[in-house]
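Work through these exercises with the structure open beside you. Try each task before you read its solution.

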Amino acid sequence: MVMQKGWRLGLAILCTSVLIGCGFHAQGEVPLAPPLKKLYIQTDDPYGTLCRDLQQNMKLSHVELVDRPDAADTILAITHDDATQTLLSVSGTQQTRQYNLVVTVTFNVSDNKGNTLIGDQSLQETRAITVQSNQILGSSNEASLYYQQMRHILATAIMNRLSSTDVTTTINDAFAVKPPLPKKKKKHEA
């Protein structure tokens with residue numbers, strides 16, 4: 001019985017260590033401007049890692065995600081989500097290669113009438129990966145995992161950008177009710 005409890009504790013510690021080591025951290029609630037609390041996420045990949053992580057982060061921040069742009073106060077458009085890899089180096093024996101993995105995401109925020117509130121913002125995450133010639137298949141799985149982790153980090157970075165003071169002020173100002181201009185007095189009334 002004691003052996004079984006020790007095994008479970010060891011497994012729990014191992015799982016936690018793996019999650020922390022791969023960059024996973026609980027995000028929690030992020031303070032967002034009130035107009036962002038009813039949001040539509042526009043993307044070409046609604047079932048991809050980036051969109052799912054954004055949706056999860058938005059829900060943690062008590063954002064109502066709607067399924068149509070006209071039902072939202074604001075629209076978060078992911079206009080660019082690109083993953084690339086470039087060869088950095090090759091060992092003298094041609095056995096080891098190092099690649100640079102890059103994910104670039106561009107987004108903007110508009111109101112439901114199409115007025116741009118926050119212009120294009122680009123974020124990028126980069127990782128280096130070393131591949132042995134006898135591990136080509138394993139490295140493609142490793143690269144896929146890295147791309148998922150990088151998109152998770154970028155989803156958090158988007159949330160942080162949306163909660164920044166500049167973005168919050170800009171969005172709140174765009175939705176502020178402007179007081180009517182005072183009426184000009186006619187000459188004969190003065």
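**Exercise 1. The largest pocket**

Task: Find which strand and which helix each supply at least two residues of the lining of the largest pocket.

Solution: This is a predicted model.
- Step 1. Look for the elements. They are strand S1 (38–42) and helix H2 (49–60).
- Step 2. Rank them. S1 gives the largest share of the lining, four residues.
- Step 3. List the lining residues. They are Leu-39, Tyr-40, Ile-41, Gln-42, Thr-43, Pro-46, Tyr-47, Cys-51, Gln-55, Leu-65, Val-66 and Asp-67.
- Step 4. Sort the lining by class. Eight residues are nonpolar, three are polar and one is charged.
- Step 5. Add the volume. The largest pocket has about 160 Å³.

**Exercise 2. Salt bridges**

Task: State how many salt bridges a search of the whole structure finds. Then describe each pair and its surroundings.

Solution: Side chains of opposite charge can pair when their charged atoms come close.
- Step 1. Count. The search of the whole structure finds two salt bridges.
- Step 2. Take Arg-68 and Asp-70. Their closest N and O atoms are 3.0 Å apart.
- Step 3. Check exposure in this pair. Arg-68 has 44% relative accessibility, so it counts as partly exposed. Asp-70 has 53%, so it counts as exposed.
- Step 4. Take Arg-151 and Asp-81. Here, the closest N and O atoms are 3.0 Å apart.
- Step 5. Locate this pair. Arg-151 lies in helix H3 (residues 136–162) and Asp-81 in strand S3 (residues 74–90), so the salt bridge ties together parts that are 70 residues apart in sequence.
- Step 6. Check exposure again. Arg-151 is buried because its relative accessibility is 16%, and buried means under 20%. Asp-81 is partly exposed, at 32%.

**Exercise 3. Two residues of strand S4**

Task: Decide whether Asn-108 is buried or exposed. Then do the same for Asp-111, and trace the contacts of both.

Solution:
- Step 1. Place Asn-108. It sits in strand S4 (residues 96–111).
- Step 2. Judge its exposure. Asn-108 has 16% relative accessibility, so it counts as buried.
- Step 3. Find its polar partner. The side chains of Asn-108 and Asp-120 make a polar contact at 3.0 Å.
- Step 4. List what Asn-108 touches, leaving out residues up to four places away in sequence. The neighbours include Ile-75, Leu-76, Ala-77 and Ile-118.
- Step 5. Move to Asp-111, which is also in strand S4. At 11% relative accessibility, Asp-111 counts as buried.
- Step 6. Follow the side chain of Asp-111. It reaches the backbone nitrogen of Lys-113 at 3.0 Å. A polar atom of this side chain also lies 2.8 Å from the backbone nitrogen of Asn-115.
- Step 7. Look further along the chain. Asp-111 and Ala-72 are 39 residues apart in sequence, and their C-alpha atoms are separated by 7.9 Å. Residues that Asp-111 touches include Asp-73, Leu-117 and Phe-175.

**Exercise 4. A positive phi**

Task: Find where His-62 lies and say what sign its phi has.

Solution: Most residues other than glycine have a negative phi.
- Step 1. Locate His-62. It is in the loop between H2 and strand S2 (64–65).
- Step 2. Read its phi. The value is near 60 degrees, which is positive, in a residue other than glycine.
- Step 3. Check its exposure. His-62 counts as exposed because its relative accessibility is 56%, and exposed means over 50%.

Conventions:
Residues numbered from 1 in each chain as written. Predicted model: local features only at pLDDT ≥ 70, side-chain atom pairs only at ≥ 80, totals over all residues. Heavy atoms only, no water. 1 Å grid on protein atoms, 1.4 Å probe; cavity = no way out; pocket = protein on both sides within 12 Å on 5 of 7 lines; lining within 4 Å. Points joined across faces, edges and corners; volume = space filled by probe spheres on them. Nonpolar A, V, L, I, M, F, W, Y, C, P; charged D, E, K, R; others polar. Buried < 20%, exposed > 50% of the residue type's maximum accessible area, 1.4 Å probe, protein only. Polar contact = N/O pair within 3.5 Å; in protein donor to acceptor, adjacent residues only side chain to side chain. Contact = heavy atoms within 4.5 Å. Salt bridge = Lys/Arg side-chain N within 4 Å of Asp/Glu carboxyl O.
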